[in-house]
Amino acid sequence: MAGQLNPHLLLAVPLAPLAGSAIAGLLGTKFFGNVVGRKVSHTATILGVLIAAIISLQTLLAVLDGATYNGTLYNWMTVAGLKLEIGFMVDSLTAMMMCVVTFVSLMVHIYTIGYMAEDEGYNRFFSYISLFTFSMLMLVMSNNFLQLFFGWEAVGLVSYLLIGFWYTRPTAIKANMKAFLVNRVGDFGFILGIGLLLAYAGSMNYTEVFDKRAELAQLTLPGTDWMLLTVACICLFVGAMGKSAQFPLHVWLPDSMEGPTPISALIHAATMVTAGIFMVTRMSPLFELSDTALSFILVIGAITALFMGFLGTMQNDIKRVVAYSTLSQLGYMTVALGASAYSVAVFHLMTHAFFKALLFLGAGSVIIGMHHDQDMRNMGGLRKYMPITWITSLLGSLALIGTPFFSGFYSKDSIIEAAAESHLAGSGFAYFAVLASVFVTAFYSFRMYFMVFHGKERFGQAHGHDDHHAPAAAHGVHDDHAHDAHDDHGHDEHHHGLAPGQKPHESPLVVTLPLILLAIPSVIIGFFAISPMLYGDFFKGVIFFGENHKVMEELAHEYHGPVAMVLHAFTSAPLWLAIAGVVVAYYCYMINPRVPAWFKEKFSIIYTILDNKYYMDKFNEVVFAGGARLLGSGLSTVGDRGLIDGLFVNGSAKVVGWFSKFTRLWQSGYIYHYAFVMIIGVLGFLVWFMPFPFAK
């Protein structure tokens, strides 16, 4: 069905979730007096996302048959020839993103019925997640920078609302404010990049800007010898660093686990944090013209992939382990972008969306079964009590570490090969980082798996922790989080965890069904999608490659099918590193649990650095927050009090007072004083206005 897609049908994709959000958010809350109940709220929002998912799937099938769409739906205004429009660009990249966003969102909506069943903000939560779905769809479907920026900021706003959903908790308020402020740093760079492209391309439409890329590549930034495109692309990527949580703008994502678990799966694993990856891929015609920008991306991604993975080995909170895993995997995607393997980055984005959403929702199911306790040191042996959660979490973990035939294997190994084939500056470090991260990922993933589902049952006991079961140390950095606010359903903070004698229980069907449905693509989608997405025509005409960037050609030369790729894996390092990571985790947490305590004692310096998360939070607090306070204090003391109040306000009043005190001397009431002043005044005018006789 080659040709143009129906724009009215495409418009229904973002508007259906928006309508559901409006019903739940307005009619289902105190805003309009709770007109509708919980059933109507979740039905309306789920129906809206279901409609969007069905149309998205139809769109993907039509795109595979050659259909596309790129057009304006609404012309907001025209200013001095600049058109500000709402429009859609729907091609294979967009259609794939639409399907991922709507499917994961649909699973999260269904899951939320069970997870948030006892929460007073039930309707409000459904409104927020549907509003997020609308915002994300507007972002990925946009055909211009204006709409892209609208969606970019909208997902940030809804993320702020969802992280701070339980607004009575101080930790949640701090976390959502932290996310909001850190993202503003990235968004400042993002809007600078958009501004540069607008100033020199004269348009905000993707196609028109891409058509001028050759001209833009010849320009330098005024006053410097820097390439204009290099500066613009780095500014755009700074925006991606904030949204996709790349070092050093990653600090907000682990703290965002203060929000309910469903939003961790939707926003911080599958959709919002991948917006930066999508944006750079969409801008590939521009990024391909700047090796400097690509090298910058490559190094930032490598740092994030490796060093955030190390932090995952330190966590006791089950959600935070998965959060640091997300950071590391986002680093993998960014490395692929820097290596000009955009299709590989997007392929990993897709596979990661399924298995990471599965792991987050699996963690939430464990939290429900544990009566809202998130500390892995209080778990163990849950396999026989929660069989569906156990098997789906195992499948998600196997996909995450890159087990052959699982979806993560095909995407992760492709990224590692892309880094090896890249010849850009920084590619050597990037290859080492992603290769070492394979071992780290396998270790922290199966450390979590063994601590939660196997070994000694540690639930239903007092919360004193046995050093033998602590992560790399007995008392990790997040004890405060583990015991301050585990109550993920907004219940009494002092009543969480299993009481003595209680046993965990499997979650209800509305929770386990999304786990099963997410587990299916987590296992099989990589096998079926790798050939068309990476080495076929799926992204033809959508992703562009520079003449000197031959990474995908070299990968294609070595690729002989998904089965051959698995067979080749047994002769390459990544698979054996993953196996080594699992074996080490098994030894440390199942065979000889004294090893973590020994590690803490012998490598106390490393432990302290990791325990303090490389001191990034303290650095930000001292340098940026402290500097802002110091600057604010200086501006208040010198600028406000001294300059404005002291000089301009009070100073001007004193000058007027002094002048009036002087002129008051002439207001004596004597006529000859007034006559004298008049004569002096007339004389002054004559001197001022009459030309001197010697003047030329």
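## Exercises on a three-domain model

The end C-alpha atoms of residues 142-425 lie 33 Å apart, and this span is 72% helix and 0% strand. Keep in mind as you work that the model is predicted.

**Exercise 1. Find out which record entry covers residues 142-425, and set it beside the entry for residues 76-126.**

Solution. Start with the longer numbers: UniProt places the feature "domain: NADH:quinone oxidoreductase/Mrp antiporter transmembrane" (unreviewed entry) at residues 142-425. Next, take residues 76-126, which UniProt lists as "domain: NADH-Ubiquinone oxidoreductase (complex I) chain 5 N-terminal", also from an unreviewed entry. Now turn to the model itself: the end C-alpha atoms of residues 76-126 are 30 Å apart, and the span is 57% helix and 25% strand.

**Exercise 2. Divide the protein into its domains, then describe how domain 2 and domain 3 meet.**

Solution. Begin with the bounds. Domain 1 takes 1-139, domain 2 takes 144-281, and domain 3 is assembled from 290-461 + 499-534 + 552-591. Then look at the pair you were asked about: the C-alpha centres of domain 2 and domain 3 are 24 Å apart. Their contact draws 30 residues from domain 2 and 33 residues from domain 3. Finally, consider the area. Between them, the two domains bury about 2,600 Å², and 77% of that is on carbon and sulfur atoms.

**Exercise 3. Work out which polar links cross from domain 2 to domain 3, and which elements of domain 2 supply that side.**

Solution. First count the polar contacts: eight residue pairs qualify between domain 2 and domain 3, with both residues at pLDDT 80 or more. On the side of domain 2 that touches domain 3, the elements giving two or more residues are helix H9 (228-243), helix H10 (252-255), helix H11 (261-270) and helix H12 (275-282). H11 gives the most, with seven residues. Sorted by kind, the residues of this side come to 18 nonpolar, ten polar and two charged. Last, check for salt bridges: the interface of domain 2 and domain 3 has one. As for a pair to inspect in the viewer, Arg320 and Asp255 form a salt bridge through their side chains, at 3.4 Å from N to O.

**Exercise 4. Explain why the salt bridge of Arg282 and Asp91 ties together parts far along the sequence from each other.**

Solution. Side chains of opposite charge can pair when their charged atoms come close. The model has eleven salt bridges by the rule used here. In one of them, the closest N and O atoms of Arg282 and Asp91 are 2.8 Å apart. Now place both partners: Arg282 lies in helix H12, while Asp91 sits in the loop between strand E3 (82-90) and helix H3 (92-115), so the pair ties together parts that are 191 residues apart in sequence.

**Exercise 5. Locate two backbone features, one at Pro248 and one at His371.**

Solution. Take Pro248: a cis peptide bond joins Phe247 to Pro248, with omega about 0 degrees. Pro248 belongs to the loop between H9 and H10. Then move to His371, which has a positive phi of about 55 degrees although it is not a glycine. His371 is found in the loop between helix H16 (342-369) and helix H17 (387-401).

Notes
Residues are numbered from 1 along each chain as its sequence is written. This is a predicted model: local features need pLDDT of at least 70, side-chain atom pairs count only at pLDDT 80 or more; totals for chains, interfaces and linings use all residues. Side-chain values use heavy atoms; hydrogens and water are left out. Domain bounds come from an automatic or database domain assignment. Contact means heavy atoms within 4.5 Å. Buried area is the accessible area (1.4 Å probe) that two parts lose on being put together, summed over both. A salt bridge is a side-chain nitrogen of Lys or Arg within 4 Å of a carboxyl oxygen of Asp or Glu. A polar contact is a pair of N or O atoms within 3.5 Å; within protein, one must be able to donate a hydrogen and the other to accept it, and residues adjacent in sequence count only if both atoms are side-chain atoms. Helices (H or I, at least four residues) and strands (E, at least two) are DSSP runs, numbered from the N terminus. Ala, Val, Leu, Ile, Met, Phe, Trp, Tyr, Cys and Pro count as nonpolar, Asp, Glu, Lys and Arg as charged, and the others, Gly among them, as polar. UniProt positions are given in the numbering used here, feature names are shortened, and annotations may be inferred rather than shown by experiment.
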